[in-house]
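Work through the exercises below with the model open beside you. Each task is followed by a solution in steps.

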Amino acid sequence: MLFFKLKPLAISFAQTSIGGWILKLTLQLFLLFLPLYQGLLIMLLLVLFDAIFGVLASVKSGNQFSSRKFREGMIEKTALYGILFLCFILIELALKSIYAYVPFMLCNFIIAFISLYEVSSILEK
């Protein structure tokens with residue numbers, strides 16, 4: 001019964017100009033990253049732990065904590081990882097259309113590489 005109530009809502013969102021496009025884009029991104037969600041969640045937690053331990057190491061060493069420097073570093077790291085994932089997803093989609101290729105193998109490799117980098121950064125601090 002709930003599906004029948006949501007269907008008119010979805011149609012009304014699709015007919016609106018900006019709201020429908022935002023909804024469609026959000027759903028497409030969600031479905032695109034769905035096979036990678038566990039690895040991305042682990043990587044996100046490692047990035048968060050790296051940030052927390054970085055702040056603690058900064059305070060412990062006597063350096064003054066700067067929210068501006070922290071924010072710029074997090075934005076830079078997020079943009080770098082996002083662009084990296086987007087490039088590898090596009091490469092994998094191209095490989096999948098040309099060859100009989102197991103999807104998201106390169107992305108899983110990148111998740112493992114970034115996670116290893118974040119773990120080494122945490123252990124360094």
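**Exercise 1. The surface patch**

Task: Locate Leu 41 in this predicted model, state in which helix it lies, and decide whether Leu 41 is buried, exposed or partly exposed.

Solution.
- Step 1. Leu 41 belongs to helix α3, which covers residues 37–60.
- Step 2. The relative accessible area of Leu 41 is 48%. Partly exposed residues fall between the 20% and 50% limits, so Leu 41 is partly exposed.
- Step 3. Leu 41 is one of the residues of a nonpolar surface patch, together with Leu 44, Leu 45, Leu 48, Phe 49, Ile 52, Phe 53 and Leu 56. The accessible area of these residues together is about 750 Å².

**Exercise 2. The salt bridges**

Task: Find how many salt bridges the structure holds, and state which residues are linked in the network.

Solution.
- Step 1. There are 2 salt bridges in the structure.
- Step 2. One joins the side chains of Lys 77 and Asp 50, with an N to O distance of 2.8 Å. Lys 77 is in helix α4 and Asp 50 in helix α3, so this pair ties together parts 27 residues apart in sequence.
- Step 3. Another joins Glu 118 and Lys 77 through their side chains, at 3.3 Å from N to O. This pair links distant parts of the chain, since Glu 118 lies in helix α5 and Lys 77 in helix α4, 41 residues apart.
- Step 4. Lys 77 occurs in the pair with Asp 50 and in the pair with Glu 118. Asp 50, Lys 77 and Glu 118 are thus linked in a network of salt bridges.
- Step 5. Buried means under 20% relative accessible area. Lys 77, at 18%, is therefore buried. Asp 50 is buried at 4%, and Glu 118 is buried at 0%.

**Exercise 3. The largest pocket**

Task: Give the volume of the largest pocket and describe its lining by element and by residue class.

Solution.
- Step 1. The largest pocket holds about 580 Å³ of space.
- Step 2. Its lining has 20 residues, and those nearest the centre are Gly 54, Lys 69, Phe 70, Gly 73 and Lys 125.
- Step 3. Two or more lining residues come from each of α3, α4 (67–98) and α5 (105–124). α4 gives the most, with 7 residues.
- Step 4. By class, the lining of the largest pocket has 7 nonpolar, 7 polar and 6 charged residues.

**Exercise 4. The second largest pocket**

Task: Which element gives the most to the lining of the second largest pocket, and how do the lining residues divide by class?

Solution.
- Step 1. The volume of the second largest pocket is about 300 Å³.
- Step 2. The lining includes Phe 33, Leu 40, Met 43, Leu 44 and Val 47, as well as Met 74, Lys 77, Thr 78, Tyr 81, Gly 82 and Phe 85.
- Step 3. At least two of the lining residues come from α3, and at least two from α4. α4 gives the most, with 6 residues.
- Step 4. The division is 8 nonpolar, 2 polar and 1 charged.
- Step 5. Lys 77 from Exercise 2 is among the lining residues, and so is Leu 44, which belongs to the patch of Exercise 1.

**Exercise 5. A loop proline**

Task: Place Pro 103 in the chain and state how far its C-alpha atom is from that of Leu 93.

Solution.
- Step 1. Pro 103 sits in the loop between α4 and α5.
- Step 2. With a relative accessibility of 39%, Pro 103 is partly exposed.
- Step 3. Pro 103 and Leu 93 are 10 residues apart along the chain, and their C-alpha atoms are separated by 7.7 Å.

How values were computed:
Residues are numbered from 1 along each chain as its sequence is written. This is a predicted model: local features need pLDDT of at least 70, side-chain atom pairs count only at pLDDT 80 or more; totals for chains, interfaces and linings use all residues. Side-chain values use heavy atoms; hydrogens and water are left out. Patches are made of residues with over 30% relative accessible area and no salt bridge: like charges are joined within 9 Å, nonpolar side chains (Val, Leu, Ile, Met, Phe, Trp, Tyr) within 5 Å. Accessible areas come from the Shrake-Rupley method with a 1.4 Å probe; for residues, only the protein chains shown count as cover. A salt bridge is a side-chain nitrogen of Lys or Arg within 4 Å of a carboxyl oxygen of Asp or Glu. Helices (H or I, at least four residues) and strands (E, at least two) are DSSP runs, numbered from the N terminus. Buried means under 20% relative accessible area, exposed over 50%, partly exposed in between (1.4 Å probe, protein chains only). On a 1 Å grid over the protein atoms alone, a cavity is a set of points where a 1.4 Å probe fits but cannot get out, and a pocket is an open set with protein on both sides within 12 Å along at least five of seven lines; lining residues have an atom within 4 Å of a point. Grid points are joined across faces, edges and corners, and a volume is the space filled by probe spheres set on the points. Ala, Val, Leu, Ile, Met, Phe, Trp, Tyr, Cys and Pro count as nonpolar, Asp, Glu, Lys and Arg as charged, and the others, Gly among them, as polar.
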